[in-house]
Amino acid sequence: MDKRIGIGLRQPHYQQILETLPEIGWLEVHSENYFDPHGLGRYYLEQLSEHYPISLHGIGMSLGSADPLNHSHLNQLKQLIELIQPFAVSEHLSWGSIGGRYFNDLLPIPYTREALNHFCAYYRDGDHRII
């Protein structure tokens, strides 16, 4: 991978970056902004991924929640990964849902042994292994 510094890709800069192809090491995007296969963002991300390495950074999996994983979200992420072939995929260890209701925020998980044990037990379970 290029050792130059990467930047966070934002909508106002899609066209300019694609037209000028500045010397940028890589681009980071919030995965969820590119789930729509017919969206303008997805179009530009596909084009830009031909010129730059891409890092997908998620903000919506709610890994720290007591809710089960949202399989629709995971499927959309999988499709985006298969299309873009990012060099990195990351996600916040936070929570943003409870009882199936989603909040537009990254809420912190408590720094307790109980919270850690819950996270580790759930995500090491056979069908949910993501770590």
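**Entry 1: Asp 67**

I began with the contacts of Asp 67 in this predicted model, and found that, leaving aside residues up to four places away in sequence, Asp 67 touches Ser 97, Ile 98, Gly 99 and Gly 100. I placed Asp 67 in the loop between S3 and helix H3, the latter covering 71–84. I then asked which side chain of opposite charge is nearest to Asp 67. I noted Arg 101, 10 Å away, and recorded that Asp 67 is buried yet has no salt bridge. Looking instead for a polar partner, I found the backbone nitrogen of Ile 98, one of the residues touched by Asp 67, at 3.3 Å from a polar atom of the Asp 67 side chain.

**Entry 2: the salt bridge**

I next looked up how many salt bridges the structure holds, and the count came to one. In that salt bridge Arg 4 is joined to Glu 23, with the closest N and O atoms 3.2 Å apart. I traced both ends along the chain: Arg 4 sits in the segment before S1 and Glu 23 in the loop between H1 and S2, so that the pair, 19 residues apart, links distant parts of the chain. For the surroundings of the two partners I took down the accessibility, and Arg 4 counts as partly exposed because its relative accessibility is 35%, whereas Glu 23, at 69%, counts as exposed.

**Entry 3: strands S1, S2 and S3**

I followed S2, residues 27–30, and wrote down its two faces, the covered one with Leu 27 and Val 29 and the uncovered one with Glu 28 and His 30. Strand S1, residues 7–8, pairs with S2 in the parallel sense over two bridges, and the bridge partner of Gly 8 in S2 is Glu 28. Between these strands the chain passes through helix H1, residues 14–20, in a β-α-β crossover that I recorded as right-handed.

With strand S3, residues 54–58, S2 again pairs in the parallel sense, here over four bridges, and Glu 28 stands opposite Ser 55 in S3. The path from S2 to S3 runs through helix H2, residues 40–49, and this β-α-β crossover is also right-handed.

**Entry 4: Asn 104**

Last, I asked whether Asn 104 is buried or exposed. Asn 104 lies in strand S6, residues 101–107, and counts as exposed because its relative accessibility is 83%, with the cut-off for exposed set at over 50%. I also noted the separation of 9.5 Å between the C-alpha atoms of Asn 104 and Ile 59, two residues that are 45 residues apart along the chain.

Definitions and conventions. Residues numbered from 1 in each chain as written. Predicted model: local features only at pLDDT ≥ 70, side-chain atom pairs only at ≥ 80, totals over all residues. Heavy atoms only, no water. Buried < 20%, exposed > 50% of the residue type's maximum accessible area, 1.4 Å probe, protein only. Pairing = 2+ DSSP bridges. Right-handed = clockwise from strand over helix to strand, strands pointing away. Lys, Arg positive; Asp, Glu negative; His and termini not counted. Salt bridge = Lys/Arg side-chain N within 4 Å of Asp/Glu carboxyl O. Polar contact = N/O pair within 3.5 Å; in protein donor to acceptor, adjacent residues only side chain to side chain. Contact = heavy atoms within 4.5 Å.
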